[in-house]
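Student: Please take me through a single part of this model, the second largest pocket, residue by residue where you can. Which element gives the largest share of its lining?

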Amino acid sequence: MELNIPKHIAIIMDGNGRWAKKRGLPRTLGHREGAKSLRKIITHAAKLGIKHLTVYAFSTENWKRSKEEVEALMFLFKTYLKGEEKNIMENNIKFTVSGREENVSESLLTAIRRLEELSKNNTGLNLNIAFNYGGRAEIIDGINRLLKEGKKEITEEEFSKYMYRDIPDPELLIRTSGELRISNFLLWQIAYSEIYITDTLWPDFDEKELDKAIESYNKRDRRFGGVK
Ligand code: IPE
Ligand code: IPE
Ligand code: MG
């Protein structure tokens, strides 16, 4: 059977801390291992012909974590941007970030903008990293933008254009590490996404696990409120 490959997959990359704890390692090492998982998944997603991959890397609530952990995550993202530049350009990947700039350091913002600019004409996979991202923040930011423009009334289609990125809604939402919640991810866009939750911790999530999620998606009966 020919598999139906989603155009947009969104992933809540959760469980790095637990992965490290299980091994008696510091949480930051779990995040480092998680970054390796992301690299594998990007390559595989591109190979499968997925058009957009949105991954949740840092939420607007993650600032509540210890200073050490927050700093480690910021440092890891910056290192990641540097380390992935070659891979991104060689594989024709378009890199984008969704999130607020507030509280993010100037040097990190500069690195983000640089890679966005460098890869903006790439036509392969769009890797969209949700960083300092909150679903409610995104909706509020959209509303404030349209109020500034003096809009009085808009449609759902128009409102979608006020989200951070003008990309189609994800058909499939994956969450690793078994938590049964959305944690403020893509609230507007997941209205009709199929949800796949696995107990596998993010650092253990590999190509086979992504295939399993897509196979599960292929078995879903998507009715969108209608009757089949
Ligand atoms: C996901 O892993 C990464 C981020 C939220 C930055 P966690 O750090 O949430 O890992 P757990 O949930 O504590 O295991
Ligand atoms: C969601 O995971 C955020 C990211 C994966 C970046 P969290 O670990 O922060 O979510 P909660 O606290 O379990 O809801
Ligand atoms: Mg977590």
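Tutor: The largest share of the lining of the second largest pocket, 3 residues, is supplied by α6, a helix in the DSSP sense (a run of H or I of at least four residues, strands being runs of E of at least two, both numbered from the N terminus). This is a predicted model, in which local features need pLDDT of at least 70 and side-chain atom pairs count only at pLDDT 80 or more, whereas totals for chains, interfaces and linings use all residues. Residues are numbered from 1 along each chain as its sequence is written, chains are lettered from A and ligands numbered from 1 in the order written, and side-chain values use heavy atoms, without hydrogens or water.

The second largest pocket (an open set of points on a 1 Å grid over the protein atoms alone, where a 1.4 Å probe fits, with protein on both sides within 12 Å along at least five of seven lines) has a volume of about 350 Å³, taken as the space filled by probe spheres set on the points. Of its 21 lining residues, those closest to its centre are S160, I167, D169, W188 and Q189, where lining means having an atom within 4 Å of a point. Two or more residues each come from β4 and from α6, which spans residues 156-160. By class, this lining divides into 8 nonpolar, 6 polar and 7 charged residues, with Pro counted as nonpolar and Gly as polar.

For comparison, the largest pocket has a volume of about 660 Å³. Of the 30 residues lining the largest pocket, M13, N16, Y56, A57 and N62 are the closest to its centre, and the elements that give two or more residues to this lining are α1 (16-22), α2 (27-48), β2 (52-59), α3 and β4 (126-133). Thus β4 appears in the list for each pocket, but the largest share of the lining of the largest pocket, 5 residues, comes from α2. That lining divides into 14 nonpolar, 8 polar and 8 charged residues.

Y56, which is among the residues closest to the centre of the largest pocket, also belongs with Y133, Y164 and F185 to one aromatic cluster, its rings pairing when their centres lie within 6.5 Å. The count comes to 10 aromatic pairs.

Note on methods:
Phe/Tyr/Trp six-rings, centres within 6.5 Å; stacked < 30°, edge-to-face > 60°.
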